[in-house]
Structure formats: structure tokens, C-alpha cells
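Subject: Handover of the protein–DNA model

Dear colleague,

Please find below the model that I promised to pass on to you. My notes on what was found in it come after the sequence and the coordinates.

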Amino acid sequence: MCIDRRFSRHAWRVTPEHARRLQEELRHFVIPIGTLSQLHLVAGADVAYDRPSCRMFAGIVVLQLPDFQIVETRMAVRQTTFPYIPGLLSFRETPALLAAWKQVSHTPDVLFIDGHGLSHPRRFGLACHVGVLIDRPVIGCAKSRLIGTYEEPPPTRGSTSWLYDETGHIIGAVVRTRGGTRPVFVSVGHRIDLQEAVRVTLLCSKGYRLPEPIRQADQFVERIKRARRRTS
DNA sequence: GCGACAG
DNA sequence: ATCTTGTCGC
């Protein structure tokens, strides 16, 4: 029986209440400023789940610019130990992502994470959590909204609009990385400002909706999962 | 109580 | 995220 089913019955180390308290504590360590002095190596991180075995496959792919050639791929497998709860995603995926990160030898100039950063209920989404722990520039790039309001950006590639919180403060950007398709939600993860995050996201978008680093990480973990689906 | 809700 | 084949459209 996997953790998602045990959830309603009992036992984990960190309860949702505790997790939220930790986010309120850790949010103060996020550095929402900074620009990249160079952009030679970029990386993307993502996680895939295998329902039946309750395992998760975290992967990190490092690419070199300007050709986007893959220079390194690393992965880690972990048993799922925390349920998916909107706003607490990092407590589910961070352990596996960190395990994969520790194996990376080509330290990238920036890391793209598949999820939100500051555009989060407590301003501490997955991108911030991972960013603070590895203390490296991280950009949060999510495929859908978690919180905030925004106006649909023009349908042409490169157009953007801001994402605001209930107070009217900017917490992220809605970016059209490709014409004719839904935009992505970019936010600060760590050690980079929003403007720079948007700029780099567009620079790394190679004709697809998802920035190339994340798209590659996506395919990578998907392949790993299929290849190991029958092993235990 | 009702609707929203990253992956 | 995952379950899943073909199909409509640029």
C-alpha cells in the first residue's frame, strides 16, 4: 500500500501543518534578486510517478547553449513519502530532486524547476525550496496557475503579462513561450529576479511550449520510468 | 457549505 | 502526476 492510500489512516514525519510552518520559516532565505553573469549551461528538473509501485523518478538534464546539446543527465528513484497537496508539492518532490542534484558534475548557471516559486500561497513553492537548499539560481516554470490573477497575454510568442497576488503585488509572469498555445507561469525560485527569469525562459524556449531544459527533463524521467516499470 | 487547487 | 487511441487542426 502506498503513502497516498495510507494518508487517510496514519503516519508520516512531517504533517501538513508542520510543512506549512516550515515554509513560513524558510521563505525568509529566498533571494529574489540577481542576474546571470553568463549562460553557458542550463538545466531542467522534473519528476515522474509510477502509480503501481508508488515510486518517483526525479531527473535533471544539463544542456549547453547555444545549441541545447545535452551534456549530462542524472536521476534518482525514491518511494513516495508525502501525498500531493496543493501548496505542499515541495515536500513530495524535493528529496528525490536533491538526490539527483547531488550527482550533477556540470554545475549549470541556472536550473529550471517544473513548478512555482514565489507565486505560492506562502511565497515558497518547489522552485524556492530547492533553490534555497542548493543555493543556486533557480527559475520556477509551471504549466498552470496555483494562485494569483492575470490577464491573458497576447497570443504571439514572447508576449507576457504579470501575475498578481491579492494585494496587487507582482508574484510572477505569464509567458507565451510559443504562439498559439497556452502560456507558462514563470516565477522566482532563488538568486534571480523576475525580469531575468522571464528573459532566460524565453532564451531557452526552442519552439515548444516548455523551455528546452524542462522539456528534456520531462522526456528523460518519462523514459526512465517506462524502462524500469517492471523492475521492483 | 462551495469552489480553487503546481505535480 | 496518471489512466489512455485515435483524431481534429495548424
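What follows goes through the DNA contacts, the salt bridges, the burial of selected parts and some backbone details.

This is a predicted model, in which local features need pLDDT of at least 70 and side-chain atom pairs count only at pLDDT 80 or more, while totals for chains, interfaces and linings use all residues. Residues are numbered from 1 along each chain as its sequence is written, chains are lettered from A and ligands numbered from 1 in the order in which they are written, and side-chain values use heavy atoms, with hydrogens and water left out.

**DNA strand B**

There are 19 residues around DNA strand B, and those that come nearest are Tyr 84, Gly 87, His 116, Lys 143 and Arg 145 (a residue is near a strand if one of its heavy atoms lies within 4 Å of it). Of the atoms of DNA strand B that come within 4 Å of the protein, 52% belong to sugar and phosphate. Among the polar contacts (pairs of N or O atoms within 3.5 Å; within protein, one must be able to donate a hydrogen and the other to accept it, and residues adjacent in sequence count only if both atoms are side-chain atoms), one joins a base nitrogen of DNA strand B to a polar backbone atom of Leu 89 at 3.2 Å. Phosphate oxygens of this strand are also involved, with a polar backbone atom of Lys 143 at 2.8 Å and with an N or O atom in the side chain of Arg 145 at 2.6 Å. By class, the surface near DNA strand B has seven nonpolar, six polar and six charged residues (Ala, Val, Leu, Ile, Met, Phe, Trp, Tyr, Cys and Pro count as nonpolar, Asp, Glu, Lys and Arg as charged, and the others, Gly among them, as polar).

**DNA strand C**

DNA strand C is surrounded by Ala 48, Tyr 49, Lys 143, Glu 222, Lys 225 and Arg 229, and sugar and phosphate make up 100% of the atoms of this strand that come within 4 Å of the protein. A phosphate oxygen of DNA strand C lies 3.2 Å from a backbone N or O atom of Tyr 49, and side-chain N or O atoms reach phosphate oxygens at 2.5 Å from Lys 225 and at 2.2 Å from Arg 229. Two or more residues of this surface come from each of β1 (41-50) and α6 (212-228) (helices, H or I with at least four residues, and strands, E with at least two, are DSSP runs numbered from the N terminus). The classes here are two nonpolar, no polar and four charged residues.

**Salt bridges**

A search of the whole structure finds 11 salt bridges (a side-chain nitrogen of Lys or Arg within 4 Å of a carboxyl oxygen of Asp or Glu). One of them pairs Asp 114 with Lys 143, the closest N and O atoms being 3.1 Å apart; this pair links distant parts of the chain, 29 residues apart, with Asp 114 in the loop between β4 and α4 and Lys 143 in the loop between β5 (138-142) and β6. Asp 114 counts as buried at 13% relative accessibility, whereas Lys 143 counts as partly exposed at 31% (buried means under 20% relative accessible area, exposed over 50%, partly exposed in between, with a 1.4 Å probe and protein chains only). Another joins Arg 74 to Glu 72 at 2.8 Å, where Glu 72 is buried at 5% and Arg 74 is partly exposed at 30%. Arg 123, Asp 165 and Glu 166 are linked in a network of salt bridges.

**Buried parts**

Helix α3 (residues 90-101) is largely enclosed by the rest of the structure, because 11 of its 12 residues are buried; among them are Phe 91, Arg 92, Glu 93 and Trp 101. His 120, in the loop between β4 (110-113) and α4 (126-134), counts as buried at 3% relative accessibility. The side chain of His 120 has a polar atom 2.7 Å from the backbone oxygen of Gly 87 and reaches the backbone nitrogen of Phe 124 at 3.2 Å.

**Backbone details**

Most residues other than glycine have a negative phi, and most peptide bonds are trans. The peptide bond from Leu 65 to Pro 66 is cis, with omega near 10 degrees, and Pro 66 lies in the loop between β2 (55-64) and β3 (69-79). Phe 68, also placed in the loop between β2 and β3, has a positive phi of about 60 degrees and is buried at 14%. Cys 54, in the loop between β1 and β2, has a phi near 55 degrees and counts as buried at 9%.

With best regards
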